[in-house]
Amino acid sequence: MELRIDRQAMVPVVQQIVDGLTEWILQSGVVPATRLPSVRQIARDNLLSQSCVVEACERLVSQGVLSARQGSGFIVAASPSTLGADDELAPFEGRYAWCDAVCEAAGGLKLGAGGLPQSWREPDDLSYALREVARTDMASLFNYSTPLGLPALREQIVKRLKLFGIEARSSQLLSTCGASHALDLIVRSLFKAGDCVVVETPGYAPLFDLLRLHGVRMLEVRRTPNGPDIEALEALLQQFRPGALFINSHHHNPTGSCLSASVAQRILQLSKAYDLRVIEDDVYADLHTGNGTRLAALDDEGRVIYVGSFSKTLSSSLRVGFVFAETEMVRRLAQVKMISGLGASRFTEAVLASLMVSGAYRKLVQRQRQRLNADRAAALQALEDADWEVFGKPAGGLFIWARSRMTDHVRVRRQAQYCGVLLSAPDAFSPCGESGDWLRINVAYACDPRARQFFRNTGSDRPQAF
Ligand SMILES: Cc1ncc(COP(=O)(O)O)c(C=O)c1O
């Protein structure tokens, strides 16, 4: 049994063993009452100490996944997928194809996922900060936050934005419950049913759903490896005079592409010429190596509303994001924020602020970037070896947008199921629900042997495997 333990990872080894055993039970389809290989054998196969393996097994016993039998080691008691399974809807961003449901239930590899795998998350600093804030900051434990959000957090965000060339004052920042909340406040405050805006295609599906919910019409502009297709954008502006452009500047979801400096300049020129507002959603900013051009950094007329988030790096559960805009706009959004939810969580804002002040957040994202860079290079190589077509070659972030050269998409999807790989649905990133054969590959999952097998099996010159 190979558990793929990463000794450089920040996740403690025992936790990695727990995750590895859980995955093994799911993947190999063992039934309850199956005996686990002996502790000694697991330890020997994975160069681990027996005490670590025993500790991991005991944790699984307390979760009800294993049971311990005197003299006969550990026995599988129940499938992890049946334990604590709830009927809640899974997050639907990048919706998985219905035919993958069986694969997901069996613990399939979420190659098309929108975030980091749980095994990449680093709980230590975060748990420490949670305890510290709970112990020392009674106001944050019990009180409402201020309308703009905790001043200590906004001060820290001001400093981070400087790294991207964005000069912000803390009065121009509004904390939100993630970028989704920020987008919701913006759409609710600025648009009404029948208005029209430009969105990128492919793009971020929940934004399309949000606009649809408010009856806002979407005009589609094609995303190129350098940003939106500028000629097409200008044609849309001339013809329809839309009120805004929604754009991902860096590591665009789903293509992973970044805005070039010249395209950014052109967008700003167009926004002036056509009185266009630009909503720059930059949630992958901290996974970017280098600086890159931000529209908010170039903007000198208050046309850009910049949205950020800490979901992709620290935790999507804390729900902390923010908006940076000119002061009047921030005030307007803050009003809607207070009317609709009485603010955001002061507690999670204080936790994040403390991680930023201590430097723990900065170090976390540095490690994530390094690891992603290594995995991205390996994933690009694997795709090249399998002769897949890659859209641009992302220099950072989570995603690669790619497609097999096999013409039969159904066969590609069948191969994914066969290899235990979950793909995002073919229409997940299109504003009008159009199906396509490009796939969002999350580099943090792409080095898994199941992904490698899938790439190999879908190389263009492969004979049909079944
Ligand atoms: C482009 C984009 N914008 C916004 C969000 C929402 O982020 P949050 O978790 O901060 O609400 C996501 C999450 O996947 C995203 O990819």
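**View 1. A three-stranded open sheet in the predicted model.** In this predicted model, three strands line up in the order β12-β13-β15, with antiparallel pairing, to make an open sheet. On the edges sit β12 (389-390) and β15 (439-442), each with a pairing partner on one side only. Strands like these are held to one another by backbone hydrogen bonds, and the pairing can be parallel or antiparallel.

**View 2. Zooming in on β12 and β13.** Here we look at how β12 meets strand β13 (residues 399-403): the two run antiparallel and are joined by two bridges. To get your bearings, find Glu-389, which stands opposite Arg-403 in β13. Helix α15 (residues 360-385) packs on the sheet and touches both β12 and β13. The helix direction makes about 5 degrees with that of β13.

**View 3. Inside the largest nonpolar core.** This core has 61 residues, and the ones touching the most other members are Leu-111, Phe-246, Phe-454 and Phe-455. Helix α8 (residues 178-190) is the top contributor, giving seven residues. Two domains chip in with at least three residues each: domain 2 (87-114 + 363-457) and domain 3 (124-360).

**View 4. Leu-111 and its neighbours.** Leaving aside residues up to four places away in sequence, Leu-111 touches a run of partners that includes Val-421, Leu-422 and Leu-423. Arg-440, Ile-441 and Asn-442 are also among its contacts, as are Tyr-445, Ala-446 and Ala-451. Phe-454 and Phe-455 touch Leu-111 too.

**View 5. A second core.** Separate from the largest one, this core counts 52 residues, among them Val-158, Tyr-274, Leu-318 and Tyr-361.

Terms used
Residues are numbered from 1 along each chain as its sequence is written. This is a predicted model: local features need pLDDT of at least 70, side-chain atom pairs count only at pLDDT 80 or more; totals for chains, interfaces and linings use all residues. Side-chain values use heavy atoms; hydrogens and water are left out. A nonpolar core is a set of buried Ala, Val, Leu, Ile, Met, Phe, Trp, Tyr and Cys residues joined through side-chain atoms within 4.5 Å. Buried means under 20% relative accessible area, exposed over 50%, partly exposed in between (1.4 Å probe, protein chains only). Helices (H or I, at least four residues) and strands (E, at least two) are DSSP runs, numbered from the N terminus. Domain bounds come from an automatic or database domain assignment. Contact means heavy atoms within 4.5 Å. Two strands pair if DSSP finds at least two bridges between them. Axes are lines fitted to C-alpha atoms, for helices over the stretch in contact, and angles run from 0 to 180 degrees between N-to-C directions.
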